[in-house]
Amino acid sequence: MRIRLGIAYDGSPFAGWATQPTAPTVQGALEAGLTLLLRRPARLTVAGRTDAGVHARGQVAHLDVTPAEWDGLGRRHGGDPADALLRRLRGVLGRVLSDIGPHAAGAIVVHSAATAPSGFDARFSALSRRYSYRIADPAAGRDPLVRGSTLWHPEPLDVDALNGSASAVTGVADFLPFCKPRDHATTVRDLQRFRFVRQPDGVVVADVVADAFCHHMVRGLIGAALHVGDGRRDTGWLRERLDARIRDSAIRLAPPHPLVLEEVTYPAAEELAARATATRARRDPLD
């Protein structure tokens with residue numbers, strides 16, 4: 001049986017999503033908790049592997065269990081197996097996170113669990129991932145209470161210039177200039193939406209949606225756009241970099257702490273398997 005999990009986390013205490021041998025990670029903590037709960041090694045597949053310091057509200061992962069394991073959760077802990085899993089996982093995660101340190105307490109919340117439809121794959125069935133990125137320029141001021149999730153940018157930002165540069169790079173393209181490529185993996189992506197909105201409090205929020213993202217792609221795009229928004233580059237610079245297909249030090253990554261994975265979307269249940277097959281055919285599994 002395949003179980004779909006909805007996950008939110010504060011990425012500050014972790015060295016990213018993916019398990020590492022010597023550093024605490026979101027995957028490592030979750031799998032440690034699930035291993036305690038299931039009494040055997042557990043392995044998660046995730047929709048999007050976030051970098052160190054990056055947060056998530058709408059992360060999705062799947063876990064495979066046997067029918068006996070699933071039914072046993074309900075029998076041992078009363079009622080619906082999904083409710084039992086969430087309740088018990090909350091308890092064991094508390095222990096795992098306390099071992100990391102007091103700064104990690106409450107940093108991961110599994111907010112939903114359900115049996116997944118046939119053909120569901122958290123990574124390959126996904127249609128899109130949506131990220132947000134908060135930026136406070138002088139017009140917004142500096143709120144120390146949100147410093148852990150907001151970039152304090154010292155120069156005024158022109159939102160029209162930001163959006164002019166962003167709209168020029170939407171669509172299907174090779175985003176090599178903004179990515180850290182992986183061996184034998186494509187850097188072609190469909191950037192479906194890239195826009196900036198100044199909120200009533202003055203904070204500028206980027207909204208970035210793609211079918212999938214290369215390693216560091218969102219931070220590369222945001223970092224490049226900021227060069228345009230504060231006047232260091234002209235509006236066409238992002239498009240020029242994209243067309244040149246050159247990856248060099250001109251593109252600086254934006255810091256990770258304001259970046260949040262907000263949402264992962266999937267097709268209707270009857271289309272999940274076909275979507276996963278099509279995605280695997282054009283992307284390396286480590287993409």
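Let's start with strand S10 (residues 259-265): 5 of its 7 residues are buried, so the strand is largely enclosed by the rest of the structure. Buried here means under 20% relative accessible area, exposed means over 50%, and partly exposed is in between, using a 1.4 Å probe and protein chains only. The strand and helix labels are DSSP runs numbered from the N terminus, with at least four residues for a helix (H or I) and at least two for a strand (E). Before going further, keep in mind that this is a predicted model: local features need pLDDT of at least 70 and side-chain atom pairs count only at pLDDT 80 or more, while totals for chains, interfaces and linings use all residues. Residues are numbered from 1 along each chain as its sequence is written, and side-chain values use heavy atoms, with hydrogens and water left out.

Which strands pair with S10? Strand S3 (residues 55-64) does so in the parallel sense, over 2 bridges, and strand S5 (residues 128-136) in the antiparallel sense, over 6 bridges. Pairing is called when DSSP finds at least two bridges between two strands. Leucine 261 in S10 is a good residue to click on: it stands opposite alanine 56, and it is also the bridge partner of tyrosine 131.

Now for a couple of loops. Phenylalanine 175 sits in the loop between strand S7 (171-174) and strand S8 (188-198). Is this residue, phenylalanine 175, buried or exposed? It counts as buried, because its relative accessibility is 0%. Phenylalanine 175 is also 68 residues from aspartate 243 in sequence, yet their C-alpha atoms are 9.2 Å apart in space.

Histidine 216 belongs to the loop between strand S9 (204-210) and helix H5 (217-229). Its phi is near 70 degrees, a positive value in a residue other than glycine. With a relative accessible area of 18%, histidine 216 is buried.

Arginine 39 also has a positive phi, near 65 degrees, and is again not a glycine. You'll find arginine 39 in the loop between helix H1 (26-38) and strand S2 (44-46), and it counts as exposed because its relative accessibility is 68%. Over in helix H3 (residues 81-100) there is arginine 90, which counts as exposed at 57% relative accessibility.
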